[in-house]
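Please consider the model shown below. The paragraphs that follow treat its aromatic contacts, its internal cavities and one of its helices in turn.

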Amino acid sequence: MEGNRHKKAGQNFENIKAEPNGHYEIDGKKNSSEGLLTNSKLEFLLKRGDESEIYTRTILDSMGDAIFVKDEQSKLILINDSFCELFGLSREEIIGKTLAEHVSDEERELFLQIDRQVLADGIENINEETLTLRGCEQQIISTRKSRFVDATNKKYIIGAIRDITASKKAERA
């Protein structure tokens with residue numbers, strides 16, 4: 001995976017090349033954080049040698065759909081760049097929160113109800129729903145949520161959101 005990245009969701013990524021063997025090249029230097037001073041998390045991981053996490057982050061951030069992981073309290077613990085763009089917030093403004101305050105009461109209750117259902121029964125949920133962010137036009141989204149249970153029996157929601165507003169408007173036309 002290779003690509004020139006730019007400022008997105010409050011972080012700078014430039015000239016990152018992730019190789020299948022887990023090695024990284026940043027600004028032409030293998031396994032170096034030089035030239036990437038604005039991304040302290042990436043810098044920290046590189047110094048620690050945690051290349052698989054960087055590789056995973058790079059893959060997730062390359063996806064067009066908004067990807068997220070929530071804990072049992074529906075607090076967001078992992079998101080990709082597309083999620084930040086969808087909500088118009090930085091990672092720092094999202095991680096550890098439910099984002100309930102950013103949507104209408106009806107949408108919030110539906111989102112949290114589905115979260116509780118998926119956590120309880122483990123059955124994947126695919127749902128078309130609306131998303132109305134403060135001060136923004138209503139969007140139509142398709143959300144897919146599944147449950148993941150880790151080795152310590154903690155449950156998580158793994159999800160993806162796709163904005164389908166344009167295709168729904170085209171269907172109506």
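In this predicted model, a search of the whole structure finds 3 aromatic pairs. One of them joins Phe 83 and Phe 87, whose rings are stacked, with 4.8 Å from centre to centre and 25 degrees between the planes; the cut-off for a stacked pair is under 30 degrees. Both residues belong to helix H3 (residues 81-87), where a separation of 4 residues places them about one turn of the helix apart. Phe 83 and Phe 87 are both buried. Together with Phe 68, these two residues make up one aromatic cluster.

Phe 87 also leads to the internal space of the protein. The count comes to 2 cavities of 30 Å³ or more, and the largest has a volume of about 210 Å³. This largest cavity is lined by 18 residues, of which Lys 70, Phe 87, Thr 98, Phe 111 and Ile 161 are the closest to its centre. Two or more lining residues come from each of strand E5 (66-70), H3, helix H5 (105-121), strand E7 (125-131) and strand E8 (139-149). By character, the lining comprises 12 nonpolar, 2 polar and 4 charged residues.

A further element to examine is helix H2, which covers residues 51-62. Its 12 residues reach 17 Å from the first C-alpha to the last, close to the 16 Å expected at 1.5 Å a residue. Which residues of H2 are buried? They are Glu 51, Ile 54, Thr 58, Leu 60 and Asp 61.

Definitions and conventions
Residues are numbered from 1 along each chain as its sequence is written. This is a predicted model: local features need pLDDT of at least 70, side-chain atom pairs count only at pLDDT 80 or more; totals for chains, interfaces and linings use all residues. Side-chain values use heavy atoms; hydrogens and water are left out. The expected span of a helix is 1.5 Å times one less than its number of residues. Buried means under 20% relative accessible area, exposed over 50%, partly exposed in between (1.4 Å probe, protein chains only). Rings of Phe, Tyr and Trp (its six-membered ring) pair if their centres lie within 6.5 Å; planes under 30 degrees apart count as stacked, over 60 as edge-to-face and the rest as tilted. On a 1 Å grid over the protein atoms alone, a cavity is a set of points where a 1.4 Å probe fits but cannot get out, and a pocket is an open set with protein on both sides within 12 Å along at least five of seven lines; lining residues have an atom within 4 Å of a point. Grid points are joined across faces, edges and corners, and a volume is the space filled by probe spheres set on the points. Ala, Val, Leu, Ile, Met, Phe, Trp, Tyr, Cys and Pro count as nonpolar, Asp, Glu, Lys and Arg as charged, and the others, Gly among them, as polar.
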